[in-house]
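Student: I should like a close look at one part of this model, namely the positions that the database record annotates and their surroundings. Please describe that part in a connected way.

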Amino acid sequence: MIHAIQLAKGGLYSTSPNPRVGCVLVRDGKLLAEGWHVRAGEGHAEVNALAALAASGETALGATAYVTLEPCSHQGKTPPCAEALVKAQVARVVVGMQDPNPLVAGKGLARLKGAGIDVVCGVQEAAARELNPGFIRRMEGGRPWLTVKSAMSLDGRTAMASGESQWITGPEARADVQRLRARSCAIVTGVETVLQDDAALTVRPHSFAEDTSGFWRQPLRVVLDTQLRTPLTATLLQGGGAVLISTVSQDQSKRQALQNAAAVPVDFIELPQIDSGLDMSALMDELAARGCNEVLIEAGAALVGSALAANLVDEWVVYMAPCVLGSAARPLANLPLQAMAEKRELNIVDVRAVGSDWRFTVKPKSANVEKD
């Protein structure tokens, strides 16, 4: 199962909106074949493993299949994998976790058992769940897995008072951010970040250290822009994935001008306004409806603070550089807490050096992770 989980990681950047799944076929202690889900719309892990086995001239008769996620039992873009395993006459199927998709959710296991196949579920389940935090969150909670990425100085500052922020961290940390972007279905930012940094918010796979042959699509870029202040010359309009602008403005001439100036598809959605910003919870609902599993926020203190205040953050990745920006510089998050009792407690789940910087991965101790 551990080997199947490693195989599933081959689809880290390419299976969305589907889950990442790996499969290993074994008989009499011998590895027969393996496969993983490479790309949405193409063969699933079980089908790919069976195809590799057939190509070798072997059959799966009496074999054991180790699969990280319950084999699907419904007809989607590809035939059901549970049927493929039944047809292949495997004797046993060992599953990492049950599929949270209501279309499957135990039906695949029942089909296998009904065909007389020995089924075991829940092997290395924690590791299997770690493969697909976004898919699981979307199926179980109705929204994507939300990660916030921030870069700060040793004194907790993210930019100078003028807004200047390039570059706080070193090249290794910036390359590491590309991995976060590549596994994300959407990147969310605010118009102030667009105006100040003019970032493309694209994935540059050549900056990865590992093989990125599976990478194939740029994430959706989402800009929270209440009054449509995104410049017609903004870099993110000139290349990469599509752009979705969240706004309350009804100015059709501005909308048309942005679409005419862009070299990529530009669409607009209207969200409820809360105080001076847009409803982040409504945005997460919208992105879930669009099939987004994992969403990354790369923004300034205001938007990060809004996401934290709304208890929407599942994970916060903070890169800390060994420098000091001073007391006049901008904070990590605008979160106007007044008393120690209001502090937001976090669990540090990982700390490691990235070049000359440090990367902290933290998760809220208590967050509203289910959809209301």
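Tutor: C72 has a relative accessible area of 9% and therefore counts as buried, a term that stands for under 20% relative accessible area, with exposed meaning over 50% and partly exposed in between (1.4 Å probe, protein chains only). The model is a predicted one, in which local features need pLDDT of at least 70 and side-chain atom pairs count only at pLDDT 80 or more, while totals for chains, interfaces and linings use all residues. Residues are numbered from 1 along each chain as its sequence is written, and side-chain values use heavy atoms, with hydrogens and water left out.

C72 sits in the loop that runs between β3 (64-69) and α3 (81-88). Helices (H or I, at least four residues) and strands (E, at least two) are DSSP runs, numbered from the N terminus. Leaving aside neighbours within four places in sequence, C72 is in contact with H44, P79, P80, C81, A82 and V104; contact means heavy atoms within 4.5 Å.

Two of these partners recur in the annotation: under "binding site", an unreviewed UniProt entry lists H44, C72 and C81. These residues are spread over 38 residues of sequence, yet they cluster in space, with a largest C-alpha distance of 9.2 Å. UniProt positions are given in the numbering used here, feature names are shortened, and annotations may be inferred rather than shown by experiment.

C81 belongs to helix α3. With a relative accessible area of 1%, C81 is buried. Beyond four places in sequence, its contacts are H44, E46, V47, P71 and C72.

The contact with E46 leads to a further annotation, since E46 is what the unreviewed UniProt entry lists as "active site". E46 is located in helix α2 (residues 45-55) and is buried, at a relative accessible area of 3%. Not counting residues up to four places away in sequence, E46 touches C23, V67, L69, P71, C81 and L85. P71 is thus a contact of E46 and also of C81.

Another glutamate, E298, may be described in the same manner. E298 lies in strand β14 (residues 294-298) and counts as buried because its relative accessibility is 8%. Its side chain makes a polar contact with the side chain of R181 at 2.7 Å. A polar contact is a pair of N or O atoms within 3.5 Å; within protein, one must be able to donate a hydrogen and the other to accept it, and residues adjacent in sequence count only if both atoms are side-chain atoms.
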